[in-house]
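Thanks for coming, everyone. I would like to walk you through one structure today, so please have a look at it before I go on.

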Amino acid sequence: MMLVNVNPDQGNLLAAKIDLPRSTIVIAGLAVLFLILGGLATPLGPWYYALNQPSWKPPDFLFGPVWTTIFALTGYAAVKCWNASETKRERQLIAGLFIANGVLNFLWSVLFFTLQRPDWALIEVGFLWASIVAIGVFLRPIAPVVVPALAPYLLWVSFAAALNASVVQLNAPFG
(Lines give C-alpha, C1' and ligand atoms only; values in the text may rest on other atoms or scores of the structure.)
Protein backbone atom coordinates (compact mmCIF):
# COMPACT_ATOMS: atom_id res chain seq x y z
CA MET A 1 0.00 0.00 0.00
CA MET A 2 1.27 3.47 -0.91
CA LEU A 3 0.59 6.36 1.43
CA VAL A 4 0.80 10.00 0.48
CA ASN A 5 1.37 12.43 3.32
CA VAL A 6 1.13 16.16 2.74
CA ASN A 7 3.33 18.24 4.99
CA PRO A 8 0.91 20.67 6.71
CA ASP A 9 3.69 23.23 7.08
CA GLN A 10 4.08 23.40 3.31
CA GLY A 11 0.38 23.07 2.50
CA ASN A 12 0.86 21.96 -1.10
CA LEU A 13 1.32 18.84 -3.15
CA LEU A 14 4.91 19.72 -3.96
CA ALA A 15 5.72 18.88 -0.36
CA ALA A 16 3.96 15.49 -0.55
CA LYS A 17 5.91 12.57 0.83
CA ILE A 18 5.24 9.17 -0.66
CA ASP A 19 5.76 6.21 1.67
CA LEU A 20 6.42 3.12 -0.42
CA PRO A 21 6.62 -0.38 1.03
CA ARG A 22 10.16 -1.70 1.27
CA SER A 23 9.31 -4.54 -1.14
CA THR A 24 8.35 -2.03 -3.85
CA ILE A 25 11.62 -0.15 -3.41
CA VAL A 26 13.67 -3.37 -3.52
CA ILE A 27 11.86 -4.66 -6.62
CA ALA A 28 12.20 -1.32 -8.39
CA GLY A 29 15.88 -1.24 -7.47
CA LEU A 30 16.45 -4.73 -8.85
CA ALA A 31 14.62 -3.85 -12.08
CA VAL A 32 16.79 -0.75 -12.50
CA LEU A 33 19.93 -2.77 -11.68
CA PHE A 34 19.13 -5.39 -14.34
CA LEU A 35 18.28 -2.64 -16.82
CA ILE A 36 21.62 -0.92 -16.20
CA LEU A 37 23.60 -4.17 -16.32
CA GLY A 38 21.91 -5.13 -19.58
CA GLY A 39 22.71 -1.73 -21.03
CA LEU A 40 26.35 -2.03 -19.99
CA ALA A 41 26.53 -5.46 -21.64
CA THR A 42 25.19 -4.00 -24.89
CA PRO A 43 28.01 -2.07 -26.55
CA LEU A 44 26.97 -0.87 -30.01
CA GLY A 45 30.39 -0.69 -31.59
CA PRO A 46 31.99 -1.50 -34.93
CA TRP A 47 31.23 -5.23 -34.65
CA TYR A 48 27.50 -4.61 -34.20
CA TYR A 49 27.29 -2.01 -36.96
CA ALA A 50 29.11 -4.35 -39.36
CA LEU A 51 26.45 -7.06 -38.95
CA ASN A 52 24.04 -7.60 -41.80
CA GLN A 53 20.61 -6.79 -40.37
CA PRO A 54 17.19 -7.68 -41.77
CA SER A 55 15.28 -4.84 -43.41
CA TRP A 56 12.54 -5.09 -40.78
CA LYS A 57 14.84 -4.37 -37.81
CA PRO A 58 13.61 -1.34 -35.85
CA PRO A 59 15.94 1.65 -35.47
CA ASP A 60 18.39 1.34 -32.58
CA PHE A 61 16.93 4.34 -30.72
CA LEU A 62 13.68 2.41 -30.08
CA PHE A 63 15.31 -0.36 -28.07
CA GLY A 64 15.99 1.76 -24.95
CA PRO A 65 12.41 3.03 -24.52
CA VAL A 66 10.97 -0.41 -25.27
CA TRP A 67 13.17 -2.12 -22.68
CA THR A 68 12.50 0.60 -20.12
CA THR A 69 8.75 0.09 -20.59
CA ILE A 70 9.12 -3.68 -20.37
CA PHE A 71 11.15 -3.46 -17.17
CA ALA A 72 8.60 -1.05 -15.65
CA LEU A 73 5.76 -3.46 -16.47
CA THR A 74 7.76 -6.42 -15.17
CA GLY A 75 8.52 -4.55 -11.95
CA TYR A 76 4.82 -3.70 -11.62
CA ALA A 77 3.94 -7.39 -12.07
CA ALA A 78 6.54 -8.40 -9.47
CA VAL A 79 5.21 -5.88 -6.94
CA LYS A 80 1.61 -7.00 -7.52
CA CYS A 81 2.61 -10.66 -7.06
CA TRP A 82 4.68 -9.93 -3.96
CA ASN A 83 1.91 -7.90 -2.35
CA ALA A 84 -0.69 -10.58 -3.16
CA SER A 85 1.44 -13.43 -1.83
CA GLU A 86 0.32 -15.00 1.41
CA THR A 87 3.16 -17.34 2.29
CA LYS A 88 6.93 -17.38 2.49
CA ARG A 89 6.95 -20.15 -0.13
CA GLU A 90 5.02 -17.95 -2.58
CA ARG A 91 7.44 -15.06 -2.01
CA GLN A 92 10.39 -17.41 -2.61
CA LEU A 93 8.79 -18.58 -5.87
CA ILE A 94 8.15 -14.97 -6.96
CA ALA A 95 11.72 -13.91 -6.15
CA GLY A 96 13.21 -16.98 -7.83
CA LEU A 97 11.23 -16.61 -11.04
CA PHE A 98 11.86 -12.89 -11.45
CA ILE A 99 15.55 -13.10 -10.54
CA ALA A 100 16.07 -16.05 -12.91
CA ASN A 101 14.36 -14.04 -15.64
CA GLY A 102 16.56 -11.01 -14.95
CA VAL A 103 19.70 -13.14 -15.10
CA LEU A 104 18.57 -14.74 -18.38
CA ASN A 105 17.80 -11.31 -19.82
CA PHE A 106 21.25 -10.06 -18.85
CA LEU A 107 22.90 -13.24 -20.15
CA TRP A 108 21.35 -12.75 -23.59
CA SER A 109 22.99 -9.31 -23.85
CA VAL A 110 26.33 -10.73 -22.74
CA LEU A 111 26.18 -13.54 -25.29
CA PHE A 112 25.00 -11.42 -28.20
CA PHE A 113 26.91 -8.18 -27.67
CA THR A 114 29.79 -8.70 -25.24
CA LEU A 115 30.89 -12.13 -26.47
CA GLN A 116 29.67 -11.39 -30.01
CA ARG A 117 27.95 -14.77 -30.27
CA PRO A 118 24.46 -14.26 -31.71
CA ASP A 119 24.35 -18.02 -32.35
CA TRP A 120 24.68 -18.77 -28.62
CA ALA A 121 22.23 -15.95 -27.82
CA LEU A 122 19.71 -17.58 -30.16
CA ILE A 123 19.83 -20.75 -28.06
CA GLU A 124 19.63 -18.78 -24.82
CA VAL A 125 16.64 -16.68 -25.93
CA GLY A 126 14.50 -19.84 -25.76
CA PHE A 127 15.25 -20.08 -22.04
CA LEU A 128 14.48 -16.37 -21.59
CA TRP A 129 11.15 -16.81 -23.40
CA ALA A 130 10.32 -19.86 -21.28
CA SER A 131 11.10 -17.91 -18.09
CA ILE A 132 8.53 -15.26 -19.04
CA VAL A 133 5.93 -17.96 -19.69
CA ALA A 134 6.82 -19.63 -16.36
CA ILE A 135 6.25 -16.36 -14.51
CA GLY A 136 2.81 -16.07 -16.05
CA VAL A 137 1.84 -19.68 -15.47
CA PHE A 138 3.08 -20.01 -11.89
CA LEU A 139 2.18 -16.54 -10.65
CA ARG A 140 -1.21 -16.05 -12.33
CA PRO A 141 -3.02 -17.75 -9.42
CA ILE A 142 -1.33 -15.34 -6.99
CA ALA A 143 -1.91 -12.15 -9.02
CA PRO A 144 -3.84 -12.47 -12.31
CA VAL A 145 -2.60 -9.01 -13.41
CA VAL A 146 0.82 -10.56 -14.06
CA VAL A 147 -0.24 -12.06 -17.40
CA PRO A 148 -1.36 -8.85 -19.14
CA ALA A 149 1.55 -6.92 -17.60
CA LEU A 150 4.03 -9.41 -19.07
CA ALA A 151 2.36 -9.73 -22.49
CA PRO A 152 4.45 -6.92 -24.07
CA TYR A 153 7.62 -8.55 -22.70
CA LEU A 154 6.72 -11.93 -24.19
CA LEU A 155 5.82 -10.34 -27.54
CA TRP A 156 9.04 -8.31 -27.62
CA VAL A 157 11.24 -11.30 -26.75
CA SER A 158 9.44 -13.31 -29.45
CA PHE A 159 10.21 -10.52 -31.92
CA ALA A 160 13.79 -10.27 -30.63
CA ALA A 161 14.22 -14.04 -31.10
CA ALA A 162 13.12 -13.74 -34.74
CA LEU A 163 15.50 -10.81 -35.20
CA ASN A 164 18.29 -12.79 -33.52
CA ALA A 165 17.61 -15.76 -35.82
CA SER A 166 17.75 -13.48 -38.86
CA VAL A 167 21.07 -11.99 -37.73
CA VAL A 168 22.50 -15.49 -37.31
CA GLN A 169 21.23 -16.52 -40.74
CA LEU A 170 22.64 -13.39 -42.42
CA ASN A 171 26.05 -13.44 -40.68
CA ALA A 172 27.02 -17.00 -39.65
CA PRO A 173 29.43 -18.48 -38.79
CA PHE A 174 30.52 -16.82 -35.55
CA GLY A 175 33.54 -17.38 -33.35
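Of the 175 residues of the protein chain, 36% count as buried, where buried means under 20% relative accessible area, exposed over 50%, and partly exposed in between, with a 1.4 Å probe and protein chains only. I should say early that this is a predicted model, in which local features need pLDDT of at least 70 and side-chain atom pairs count only at pLDDT 80 or more, while totals for chains, interfaces and linings use all residues. Residues are numbered from 1 along each chain as its sequence is written, and side-chain values use heavy atoms, with hydrogens and water left out.

Along the sequence the pattern reads β-β-α-α-α-α-α-α, helices (H or I, at least four residues) and strands (E, at least two) being DSSP runs numbered from the N terminus.

Now to the interior. The largest nonpolar core has 38 residues, of which Phe98, Phe112, Leu139, Val146 and Tyr153 touch the most other members; such a core is a set of buried Ala, Val, Leu, Ile, Met, Phe, Trp, Tyr and Cys residues joined through side-chain atoms within 4.5 Å. Two or more residues each come from α1 (22-40), α3 (63-84), α4 (88-114), α5 (118-139) and α6 (146-171).

Leaving aside residues up to four places away in sequence, Tyr153 touches Trp67, Ile70, Thr74, Asn101, Asn105, Leu128 and Ile132, a contact being heavy atoms within 4.5 Å. Among contacts between residues at least 6 apart in sequence, 68% join residues at least 24 apart.

Lastly, Val103 has its place in helix α4, and it is partly exposed, with a relative accessible area of 42%.
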